[in-house]
Structures are given as C-alpha cells and as structure tokens.
Amino acid sequence: MDAIQQHMLDTYRAAQLSEPAPPPPGRHDRAVLRDLYRHWLTHPPTRGPRDHSSPSAPTSPSGA
C-alpha cells in the first residue's frame, strides 16, 4: 500500500468516526528539509579521531 492509498483509508476511517481528516502525505516535507538544512549549517558534522585498530588496517602475520 502506498502513501496515497493509506491516506485515503485514514480519511475514510476518520469520516466514519466523525474525526478530523489527517493531513495529506508530504505536506510538511519542505519545512522538515529546511529545518534539517539549518541545523546542518549551525551544527556541521565533525569527524572524531581515527581508530587505527580497524579491521581494514593491514596487520602482520602472527608468529613472524
């Protein structure tokens, strides 16, 4: 079931129960993306110190 079908089903159920209809899917997408972008600008991602004991690091054979 895609988002539109789910919305139609939720709207039908809300009408049967005399409740307000749910907002359509994607209604707040722009605001959410704008807020995430502003958060990213004010709190840029940082990288911690590299862990040199990662499994991809070359190791010497044991017993050599």
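Visitor: Where is Gly26 placed, and why is Gly26 called partly exposed?

Guide: Gly26 lies in the loop that runs between α1 and α2, in a model that is predicted. Its relative accessibility is 43%, and because partly exposed covers the range between under 20% for buried and over 50% for exposed, Gly26 counts as partly exposed.

Visitor: How far apart are Gly26 and Ala3 in space?

Guide: From C-alpha to C-alpha, Gly26 and Ala3 are 9.1 Å apart, with their positions 23 residues apart in sequence. Pro25, also in the loop between α1 and α2, has its C-alpha separated from that of Ala3 by 6.5 Å, at 22 residues apart along the chain.

Visitor: Which residues is Pro25 in contact with, leaving aside its neighbours within four places in sequence?

Guide: Those residues are Ala3, Ile4 and His7, and they are said to be in contact because contact requires heavy atoms within 4.5 Å. Gln6 can be described by its C-alpha distance to Pro25, which is 9.2 Å across 19 residues of sequence.

Visitor: What makes Pro25 and Gln6 partly exposed?

Guide: Pro25 has a relative accessible area of 40% and Gln6, which is placed in helix α1, has one of 31%. Since the partly exposed class lies between the limits of 20% and 50%, Pro25 is therefore partly exposed, and Gln6 is therefore partly exposed as well.

Visitor: How do you know that the span of α1 is close to the one expected?

Guide: Helix α1 has 14 residues and reaches 20 Å from its first C-alpha to its last. The expected span is 1.5 Å times one less than the number of residues, and for α1 this expectation is given as 20 Å, so the helix is close to it.

Visitor: What is notable about the phi of Ser18?

Guide: Just after α1, Ser18 takes a positive phi of about 55°, and Ser18 is a residue other than glycine. Most residues other than glycine have a negative phi.

Visitor: Why is Ser18 counted as exposed or buried, and where is its place?

Guide: Ser18 is in the loop between α1 (3–16) and α2 (29–42). Its relative accessibility is 70%, and because exposed means over 50%, Ser18 counts as exposed.

Visitor: Which residues make the nonpolar surface patch, and why is Leu36 called exposed?

Guide: The patch, of about 300 Å², is made by Val32, Leu33 and Leu36. Leu36 is placed in helix α2, and its relative accessible area is 52%; because the limit for exposed is over 50%, Leu36 is exposed.

Visitor: How many helices and strands does the protein have, by its secondary structure, and what share of its residues is buried?

Guide: The secondary structure comes to 2 helices and 0 strands, and buried residues make up 2% of the 64 residues. The accessible surface comes to about 6,400 Å², of which 57% belongs to carbon and sulfur atoms.

Key: Residues numbered from 1 in each chain as written. Predicted model: local features only at pLDDT ≥ 70, side-chain atom pairs only at ≥ 80, totals over all residues. Heavy atoms only, no water. Helix = DSSP H or I, 4+ residues; strand = E, 2+ residues; numbered from the N terminus. Buried < 20%, exposed > 50% of the residue type's maximum accessible area, 1.4 Å probe, protein only. Areas by Shrake-Rupley, 256 points an atom, 1.4 Å probe, with all protein chains shown as cover. Patch = residues over 30% accessible without salt bridge, like charges linked within 9 Å, V, L, I, M, F, W, Y side chains within 5 Å. Salt bridge = Lys/Arg side-chain N within 4 Å of Asp/Glu carboxyl O.
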